[in-house]
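Colleague: I am new to this one and would like to know the reasons behind the words you use. Could you take me through it?

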Amino acid sequence: MSPSATTLMQSLVHRQMKLVRVSSTHLRISALAGALTDEDRAELRARKDELLELLGPQPCASCGRFAFDNAGVVCYWCRHPGLRA
Ligand SMILES: [Zn+2]
(Lines give C-alpha, C1' and ligand atoms only; values in the text may rest on other atoms or scores of the structure.)
Protein backbone atom coordinates (compact mmCIF):
# COMPACT_ATOMS: atom_id res chain seq x y z
CA MET A 1 0.00 0.00 0.00
CA SER A 2 1.33 3.38 -0.96
CA PRO A 3 1.94 5.66 2.04
CA SER A 4 0.56 8.56 0.05
CA ALA A 5 -2.85 6.94 -0.35
CA THR A 6 -2.96 6.45 3.42
CA THR A 7 -1.81 10.02 3.98
CA LEU A 8 -4.49 11.32 1.65
CA MET A 9 -7.11 9.29 3.45
CA GLN A 10 -5.98 10.60 6.84
CA SER A 11 -5.94 14.16 5.55
CA LEU A 12 -9.54 13.83 4.36
CA VAL A 13 -10.67 12.25 7.61
CA HIS A 14 -8.99 14.96 9.67
CA ARG A 15 -10.89 17.57 7.67
CA GLN A 16 -14.20 15.89 8.46
CA MET A 17 -14.59 14.36 5.03
CA LYS A 18 -15.86 10.87 4.54
CA LEU A 19 -14.64 8.67 1.76
CA VAL A 20 -17.03 5.83 1.06
CA ARG A 21 -16.72 2.97 -1.34
CA VAL A 22 -20.03 2.62 -3.16
CA SER A 23 -19.10 -0.17 -5.56
CA SER A 24 -16.12 -2.10 -6.82
CA THR A 25 -15.02 0.87 -8.92
CA HIS A 26 -16.61 3.96 -7.39
CA LEU A 27 -15.80 6.17 -4.46
CA ARG A 28 -18.02 8.81 -3.00
CA ILE A 29 -16.73 11.63 -0.87
CA SER A 30 -18.87 13.64 1.45
CA ALA A 31 -17.50 17.00 2.50
CA LEU A 32 -18.74 20.42 3.41
CA ALA A 33 -19.25 22.71 0.44
CA GLY A 34 -15.92 24.19 -0.58
CA ALA A 35 -13.92 21.91 1.70
CA LEU A 36 -12.62 19.75 -1.11
CA THR A 37 -9.91 21.55 -3.06
CA ASP A 38 -9.01 21.08 -6.71
CA GLU A 39 -5.78 19.54 -5.43
CA ASP A 40 -7.79 17.04 -3.40
CA ARG A 41 -9.83 16.13 -6.46
CA ALA A 42 -6.70 15.58 -8.53
CA GLU A 43 -5.21 13.42 -5.78
CA LEU A 44 -8.42 11.42 -5.48
CA ARG A 45 -8.44 10.77 -9.21
CA ALA A 46 -4.77 9.86 -9.26
CA ARG A 47 -5.04 7.54 -6.28
CA LYS A 48 -8.47 6.09 -6.87
CA ASP A 49 -7.29 2.50 -7.30
CA GLU A 50 -5.13 2.67 -4.19
CA LEU A 51 -7.95 4.21 -2.20
CA LEU A 52 -10.34 1.50 -3.32
CA GLU A 53 -7.84 -1.07 -2.13
CA LEU A 54 -7.33 0.80 1.11
CA LEU A 55 -11.05 0.96 1.77
CA GLY A 56 -11.21 -2.79 1.51
CA PRO A 57 -13.41 -5.37 -0.15
CA GLN A 58 -15.82 -5.76 2.75
CA PRO A 59 -17.92 -3.18 4.55
CA CYS A 60 -17.35 -2.82 8.27
CA ALA A 61 -19.48 -5.30 10.20
CA SER A 62 -20.16 -2.67 12.84
CA CYS A 63 -20.89 0.57 10.97
CA GLY A 64 -21.29 -0.72 7.40
CA ARG A 65 -18.75 1.66 5.89
CA PHE A 66 -15.69 0.72 3.88
CA ALA A 67 -12.38 1.76 5.38
CA PHE A 68 -9.65 0.11 7.28
CA ASP A 69 -6.34 1.13 8.75
CA ASN A 70 -2.91 0.30 7.38
CA ALA A 71 -3.03 -3.25 8.62
CA GLY A 72 -6.49 -3.65 7.17
CA VAL A 73 -8.00 -4.78 10.43
CA VAL A 74 -9.39 -1.74 12.22
CA CYS A 75 -12.29 0.29 10.85
CA TYR A 76 -11.28 3.89 10.18
CA TRP A 77 -14.63 5.22 11.28
CA CYS A 78 -15.73 3.29 14.33
CA ARG A 79 -12.42 1.52 15.15
CA HIS A 80 -14.16 -1.82 15.13
CA PRO A 81 -11.35 -4.39 14.97
CA GLY A 82 -10.76 -7.66 13.25
CA LEU A 83 -12.94 -7.42 10.16
CA ARG A 84 -10.60 -8.75 7.55
CA ALA A 85 -9.15 -12.14 8.16
ZN1 LIG B 1 -16.86 0.63 11.27
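**Reasons behind the words**

Modeller: Gladly, and let me start with one residue: Leu51 is in contact with Ala5, Met9, Leu19 and Leu27, leaving aside its neighbours within four places in sequence. Please keep in mind that this is a predicted model.

Colleague: What is the secondary structure of the chain, and which pattern does the chain follow along the sequence?

Modeller: There are 3 helices and 2 strands, and along the sequence they follow the pattern α-β-β-α-α. Of the 85 residues of the chain, 20% count as buried.

Colleague: Which residues of H3 are buried, and what puts them on the same side of the helix?

Modeller: Helix H3 covers residues 48-55, and its buried residues are Leu51, Leu54 and Leu55. They cover an arc of only 95° around the axis, so they sit on the same side of H3. Among the elements that cover these buried residues are helix H1 (3-14), strand S1 (18-21) and strand S2 (27-30). After H3 comes Gly56, with a positive phi near 90°.

Colleague: Now H1. How do you know that its span agrees with its number of residues?

Modeller: H1 has 12 residues, and at 1.5 Å a residue they should span 16 Å; the end C-alpha atoms of H1 are 16 Å apart, so the two values agree.

Colleague: And which residues of H1 are buried, and which exposed residues does the face turned away from them carry?

Modeller: Ala5, Leu8, Met9 and Leu12 are the buried ones in H1. Their arc around the axis is only 100°, which puts them on the same side of H1. The face turned away from that buried side carries the exposed residues Pro3, Ser4, Thr7, Ser11 and His14. What covers the buried residues of H1 includes S1, helix H2 (38-46) and H3.

Colleague: Which residues have the most contacts inside the largest nonpolar core?

Modeller: Those are Met9, Leu19, Leu51, Leu55 and Ala67, in a core of 14 residues. H1 and H3 are the elements that give two or more residues to this core, and the largest share, 4 residues, comes from H1.

Colleague: What makes S1 and S2 a pair?

Modeller: Pairing calls for at least two bridges between the strands. S1 and S2 are joined by 4 bridges, and they run antiparallel. With 4 bridges against a cut-off of at least two, they therefore count as paired. One bridge partner to look for is Arg28 in S2, which goes with Val20. The hairpin that joins S1 to S2 does so through 5 residues.

Colleague: Why is Gln16 called exposed?

Modeller: A residue is exposed if 12 or fewer other C-beta atoms lie within 10 Å of its own. Gln16 has 10 other C-beta atoms within 10 Å, so it is exposed. Gln16 lies in the loop between H1 and S1, and it has a positive phi of about 65° although it is not a glycine.

Colleague: How do you know that Arg79 is exposed?

Modeller: By the cut-off of 12 or fewer: Arg79 has 11 other C-beta atoms within 10 Å, so it too is exposed. Arg79 is found in the segment after H3. Its phi is positive, about 65°, although Arg79 is not a glycine.

Colleague: One last thing: how much of the contacts comes from residues 24 or more positions apart?

Modeller: They account for 34% of the contacts in the chain with a separation of 6 or more.

Key: Residues numbered from 1 in each chain as written. Predicted model: local features only at pLDDT ≥ 70, side-chain atom pairs only at ≥ 80, totals over all residues. Arc of directions from axis to C-beta. Contact = placed C-beta atoms within 7 Å. Core = buried A, V, L, I, M, F, W, Y, C linked by C-beta atoms within 7 Å. Expected span 1.5 Å × (residues − 1).
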